[in-house]
Amino acid sequence: MSSAVALSLTDHDVYLFREGSHGRLYRLLGAHLQQRDGVDGVHFAVWAPNARQVSVMGEWNKWDAKSDYLAPRADSSGIWEGFVAGVRHGNAYKYRIVSRQDGRDYTKADPFGAYSETPPATGSRVWDLDYSWGDAQWMQSRSRANALDAPISIYEVHLGSWRRVSEERNRSMTYREMAAPLAEYVVQMGFTHVELMPITEHPFYGSWGYQTTGYFAPTARYGTPQDLMYLIDVLHQHGIAVVLDWVPSHFPGDAHGLAYFDGTHLYEHADPRQGFHPEWTSYIFNYGRNEVRAFLLSSALFWLDQYHIDGLRVDAVASMLYLDYGRKAGEWIPNRYGGKENLEAIDFLRMLNQAVYRDHPDTQVIAEESTSWPMVSRPVYLGGLGFGMKWNMGWMHDTLDFFQRDPIHRRYHHDRLTFSIWYAFAENFVLPLSHDEVVHGKGSLLGKMPGDAWQRFANLRLLLGYLWAHPGKKLLFMGGEFGQPGEWAHEQALPWHVLQQPGHAGVQRWVVDCNRLLRTEAALHQVDFDAAGFQWIDSNDSQNGLLAFLRLGREGTAPLLVACNLTPVPRPRRRLGVPVGGHWRELANSDAALYGGSGMGNLGGVQAASVASHGQPYSIELTLPPLAVVFLKPDNA
């Protein structure tokens with residue numbers, strides 16, 4: 001809503017809006033500070049095609065709905081607009097809409113509002129988005145950080161509970177307060193990206209932002225739009241990319257929001273079999289309506305344009321793709337071919353991805369898609385959905401299922417870990433250990449691990465080491481990096497005090513070193529999305545709980561051997577085939593005493609012998625510590 005970008009609606013804008021392809025509606029609709037004939041005020045514009053009357057009420061007119069009326073455009077676009085003198089930056093406002101459909105009054109926040117009152121208040125605020133950015137160097141070079149062959153390690157954060165100010169009634173930190181400590185911590189930990197759980201305005205804090213009402217407004221709970229820009233700016237100046245969790249799949253039915261906006265089902269389908277989500281008790285966007293598509297497209301591009309966001313993680317894509325998602329037989333309407341695919345949503349997602357990569361080719365769009373829908377992360381011109389990457393939910397479920405089992409039973413579930421390689425390169429996968437796995441009675445990552453206290457920490461280090469070794473980009477939810485003991489609770493800070501205990505501090509040090517390995521060893525990131533980057537050494541030794549494989553980079557890159565002992569029984573003198581001779585250096589060992597392990601290992605490395613094994617011309621004899629993963633690299637490669 002900066003005066004620098006506020007423009008007047010042209011006939012061409014209206015054409016693109018009605019066509020569904022306008023991606024910069026935020027410059028035209030909403031509230032924009034302007035000066036007309038020497039008078040300061042605001043130009044308001046809102047889409048309400050089924051309204052009989054629209055007015056703006058706010059702090060300047062004492063919330064009088066009869067003071068400042070808007071007029072409908074003569075082009076049948078359904079847009080009402082008008083200039084209101086005397087409105088100032090920061091003034092709260094709402095639209096009062098009298099429906100032509102039922103004659104009732106509706107009081108609504110601005111769908112294009114750039115800032116909101118602090119919840120539980122629900123009004124929008126007139127706001128100028130001017131900000132002096134200091135991240136020019138980052139913006140010029142971020143394509144390298146977002147490349148598919150780059151080391152990508154994502155730290156998922158809920159801003160309201162990462163840290164809190166305990167001496168001030170346990171309040172959340174503001175965007176500005178958390179900027180420096182978050183940036184410094186992420187750098188210290190070695191993560192390359194921060195993923196923010198939705199910070200778009202949401203009335204119910206317990207939804208964690210996934211029930212969005214303000215698609216162009218950062219939540220006022222933590223500060224102003226400029227405060228959020230400052231946070232992103234600081235992260236960028238520390239070399240950290242920022243991914244925004246974005247929710248175009250559904251929206252809540254709060255009275256001030258998008259639902260039944262002008263007395264009709266404007267943004268949502270009228271038929272609840274298409275327009276209401278039974279699992280989330282929220283409304284589903286009508287992707288077949290061009291103006292709705294333009295609204296969502298503009299929201300996505302807004303965050304990239306105005307907030308320098310480096311990527312979007314698109315939530316609940318499966319619920320968009322399938323008409324029968326979360327529904328029983330008879331509760332959904334088939335598409336025109338009789339199928340369950342949402343053809344309009346497919347078209348929208350393809351249009352979204354094409355627009356983002358056209359305008360911001362140095363960013364990434366990541367799908368949270370939980371089914372086997374084909375070619376999610378393949379280009380549209382090949383028939384794909386056009387995403388850059390996709391969360392690997394199958395890997396997550398199988399891996400956690402395996403690690404939660406007592407090691408004595410793991411031999412019967414060995415395929416939970418080996419199966420993922422069969423499909424690991426079908427998509428550009430992100431491996432997520434996200435917030436969804438540590439809430440709603442699921443327990444923390446540490447709490448999922450079996451055994452006594454020592455074994456739980458060893459299992460967690462093994463799990464995290466396996467995550468960093470497996471092909472695919474990495475994502476870890478906050479708290480997982482130090483073994484948070486209990487479930488995540490969104491109304492309190494992470495239990496940072498546990499880092500005074502050796503086990504938790506050891507897990508944190510292990511994650512630091514895993515991230516260091518990821519960045520420094522090209523074999524762990526260069527070829528994440530192609531089978532050429534992976535080779536089994538031993539995938540069949542379920543009896544002894546052993547997994548061993550090579551990670552391979554491009555030609556000329558040294559290979560890495562990864563060996564996992566999935567049992568609490570040490571495995572001395574274990575022979576494994578390797579592709580080259582000479583000395584193999586032990587780069588990392590999750591059982592090192594530094595991390596809280598037993599200190600068993602290979603004294604820095606081993607010498608390869610000219611003894612063929614596992615289809616390789618050379619072999620080494622390793623000591624595999626209990627419940628541990630080791631990484632080795634040849635000195636002469």
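In this predicted model, Arg 516 and Asp 513 sit 3 residues apart in helix H14, so about one helical turn separates them. Their side chains meet in a salt bridge, with N to O at 3.6 Å. The two partners fall into separate burial classes: Arg 516 counts as partly exposed because its relative accessibility is 34%, while Asp 513, at 16%, counts as buried, the cut-off for that label being under 20%.

Helix H14 itself covers residues 502–520 and packs on a sheet, where it touches strands E28 and E31. That sheet is an open one, built from 6 strands in the order E24-E25-E26-E31-E28-E29 with antiparallel pairing. At its edges are strand E24 (534–538) and strand E29 (605–608), each of which pairs on one side only. From neighbour to neighbour, the strands of this sheet are turned by 25° on average, with direction ignored. Zooming in on one pairing, strand E28 (residues 582–589) and strand E31 (residues 628–634) run antiparallel and are joined by 5 bridges. Asn 589 is part of this, with Val 630 in E31 as its bridge partner. Helix H13 (residues 453–469) also packs on the sheet, and its contacts are with strand E25 (546–551), strand E26 (560–565) and E31. As for directions, H13 makes about 40° with E31, and H14 makes about 135° with E28.

The other piece of strand architecture to look at is a barrel. Here 8 strands close up in the order E10-E13-E16-E19-E20-E21-E22-E23, and the pairing is parallel. The twist from one strand to the next averages 25°. Strand E10 (residues 153–157) and strand E23 (residues 473–477) run parallel, with 4 bridges joining them. Within this pair, Tyr 155 stands opposite Leu 476 in E23.

Back to charges. Side chains of opposite charge can pair when their charged atoms come close. Searching the whole structure turns up 33 salt bridges. One of them brings together the side chains of Arg 176 and Asp 227, at 2.4 Å from N to O. This pair ties together distant parts of the chain: Arg 176 belongs to helix H3 (residues 175–189) and Asp 227 to helix H4 (residues 225–237), with their positions 51 residues apart in sequence. Burial is split here too, since Arg 176 is partly exposed with a relative accessible area of 39%, whereas Asp 227 counts as buried at 14%.

The pair of Asp 315 and Arg 313 is another case, with a salt bridge of 2.8 Å (N to O) between the side chains. Which burial class does Arg 313 get? Arg 313 counts as buried, because its relative accessibility is 0%. Asp 315 is buried as well, with a relative accessible area of 9%. Both residues also belong to a network of salt bridges that links Glu 195, Asp 245, Arg 313, Asp 315 and Glu 368.

A few individual sites fill in the picture. Asn 353 is found in helix H8 (residues 343–359), and its relative accessibility of 1% is why it counts as buried. Leaving aside residues up to four places away in sequence, Asn 353 touches Val 365, Leu 385, Gly 386 and Phe 387.

Ala 145 is placed in helix H2 (residues 136–146). At 22% relative accessibility, Ala 145 counts as partly exposed, given that buried means under 20%. With residues up to four places away again left out, the contacts of Ala 145 are Trp 138, Ala 150, Ile 152 and His 193. Thr 192 is 47 residues from Ala 145 along the chain, yet their C-alpha atoms are separated by 7.7 Å.

Finally, the surface has a nonpolar patch formed by Met 375, Tyr 381 and Leu 382, which together have about 360 Å² of accessible area. Met 375 lies in the loop that runs between strand E20 (364–367) and strand E21 (389–391); E20 and E21 are also listed among the barrel strands. With a relative accessibility of 31%, Met 375 counts as partly exposed.

Terms used. Residues are numbered from 1 along each chain as its sequence is written. This is a predicted model: local features need pLDDT of at least 70, side-chain atom pairs count only at pLDDT 80 or more; totals for chains, interfaces and linings use all residues. Side-chain values use heavy atoms; hydrogens and water are left out. Two strands pair if DSSP finds at least two bridges between them. Helices (H or I, at least four residues) and strands (E, at least two) are DSSP runs, numbered from the N terminus. Axes are lines fitted to C-alpha atoms, for helices over the stretch in contact, and angles run from 0 to 180 degrees between N-to-C directions. Contact means heavy atoms within 4.5 Å. Patches are made of residues with over 30% relative accessible area and no salt bridge: like charges are joined within 9 Å, nonpolar side chains (Val, Leu, Ile, Met, Phe, Trp, Tyr) within 5 Å. Accessible areas come from the Shrake-Rupley method with a 1.4 Å probe; for residues, only the protein chains shown count as cover. A salt bridge is a side-chain nitrogen of Lys or Arg within 4 Å of a carboxyl oxygen of Asp or Glu. Buried means under 20% relative accessible area, exposed over 50%, partly exposed in between (1.4 Å probe, protein chains only).
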